[in-house]
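Happy to walk through this one with you. Have the sequence and the model open side by side, and let's take it question by question.

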Amino acid sequence: IRRITEEQPLSQSKLSMAYRADYGPEEKMLFWLTTMVLGGVPSSKLFQNVREKMSLCYYCSAGIHLNSRAMYIESGVETENLERTEEAVQEQLKALQQGELTEEELLSAKLALKNSLRSVGDSLYQVESWYLGQYFAGKPLSPEQAVEQLMSYSVDQVVEAAGRLYPASVYTLKGGQLHD
């Protein structure tokens with residue numbers, strides 16, 4: 001894992017963790033869903049556990065760049081909680097990889113993505129962005145086809161996909177002493 005730490009006179013720190021996602025073009029929707037389950041919705045593992053239950057950070061969310069196969073986890077953290085937050089994020093990913101996912105958690109992520117995909121037609125920019133991304137992906141899906149695919153995934157498929165996320169780098173912007 002490549003590690004980079006910078007220090008600046010800030011009141012809080014930023015923790016960014018990058019993962020490589022091992023999937024083919026036909027699995028993009030599965031990995032989008034997996035990312036949402038991990039940290040993309042209020043019912044996600046990162047939000048519910050790292051932010052809410054453990055109170056380790058101001059925010060903790062995951063996002064994926066589907067065409068580059070890179071998933072990112074971002075957190076705003078008190079400097080003294082950096083190490084514990086990184087450990088907690090890794091614990092949540094490991095829990096998902098070991099099958100700790102309920103049907104309710106999966107459904108919540110599916111419905112959030114379904115809602116997002118339904119809004120693609122709300123503007124010409126979104127329609128253009130969607131279809132351009134689909135064209136470059138090599139296997140174009142309409143938003144409706146993407147919803148159908150997303151809704152078909154099972155807990156087992158998401159757990160298996162989570163097992164194909166590999167740590168790549170950790171960037172820490174460490175807050176330090178503020179000077180007058």
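What follows is a set of questions and answers on this predicted model.

Q: Which residues of the largest nonpolar core touch the most other members?
A: This core holds 49 residues, and helix H1 gives the most to it, with eight residues. Ranked by how many other members they touch, the top residues are Met-29, Trp-32, Leu-33 and Ile-73.

Q: Which residues does Trp-32 touch, not counting those up to four places away in sequence?
A: Trp-32 is a good one to click on, as it belongs to the group that touches the most other members of the largest nonpolar core. Once residues up to four places away in sequence are set aside, its partners are Ile-64, Leu-66, Leu-113, Leu-117 and Leu-150.

Q: Where around helix H7 do its buried residues lie, and what do they pack against?
A: H7 runs over residues 155-162, and its buried residues are Val-155, Val-158, Val-159, Ala-161 and Ala-162. They cover an arc of only 160° around the axis, so they sit on the same side of H7. Their packing partners are helix H1 (28-39), helix H3 (82-97), helix H4 (103-118) and strand S5 (165-175).

Q: How many disulfides does the structure hold, and why is there no bond between Cys-57 and Cys-60?
A: Both residues are buried, with relative accessibility of 10% for Cys-57 and 4% for Cys-60. The cysteine sulfur closest to that of Cys-57 belongs to Cys-60, but at 4.4 Å it is too far for a bond, because a disulfide needs the two sulfur atoms within 2.5 Å. Across the whole structure, the number of disulfides is zero.

Q: Is Phe-47 buried or partly exposed, and which residues is it in contact with beyond four places in sequence?
A: Phe-47 lies in helix H2, residues 45-53. Its relative accessibility is 25%, so Phe-47 counts as partly exposed. Leaving aside neighbours within four places in sequence, Phe-47 is in contact with Val-41, Pro-42, Glu-52 and Cys-60.

Q: What distance separates the C-alpha atoms of Phe-47 and Ser-61?
A: Along the chain, Phe-47 and Ser-61 are 14 residues apart. In space, their C-alpha atoms are separated by 6.8 Å.

Q: Which residue forms a salt bridge with Arg-3?
A: The structure holds eight salt bridges, and this one links distant parts of the chain. Arg-3 is in strand S1 (residues 2-8), while its partner sits 83 residues away in helix H3. That partner is buried, at 12% relative accessibility. The closest N and O atoms are 2.6 Å apart, and the partner is Glu-86.

Q: What is the N to O distance in the salt bridge of Glu-52 and Arg-51?
A: Glu-52 has a relative accessible area of 37%, so it is partly exposed. Arg-51, at 27% relative accessibility, also counts as partly exposed. Their side chains meet in a salt bridge with an N to O distance of 2.1 Å.

Q: What is the N to O distance in the salt bridge of Glu-91 and Arg-84?
A: Glu-91 is partly exposed at 38% relative accessibility, and Arg-84 is partly exposed with a relative accessible area of 33%. The N to O distance between their side chains is 3.2 Å.

Q: Which residues are linked in a network of salt bridges?
A: Side chains of opposite charge can pair when their charged atoms come close. Here, the residues linked in a network are Glu-27, Glu-160 and Arg-164.

Key
Residues numbered from 1 in each chain as written. Predicted model: local features only at pLDDT ≥ 70, side-chain atom pairs only at ≥ 80, totals over all residues. Heavy atoms only, no water. Buried < 20%, exposed > 50% of the residue type's maximum accessible area, 1.4 Å probe, protein only. Helix = DSSP H or I, 4+ residues; strand = E, 2+ residues; numbered from the N terminus. Arc of directions from axis to C-beta. Contact = heavy atoms within 4.5 Å. Core = buried A, V, L, I, M, F, W, Y, C linked by side-chain atoms within 4.5 Å. Salt bridge = Lys/Arg side-chain N within 4 Å of Asp/Glu carboxyl O.
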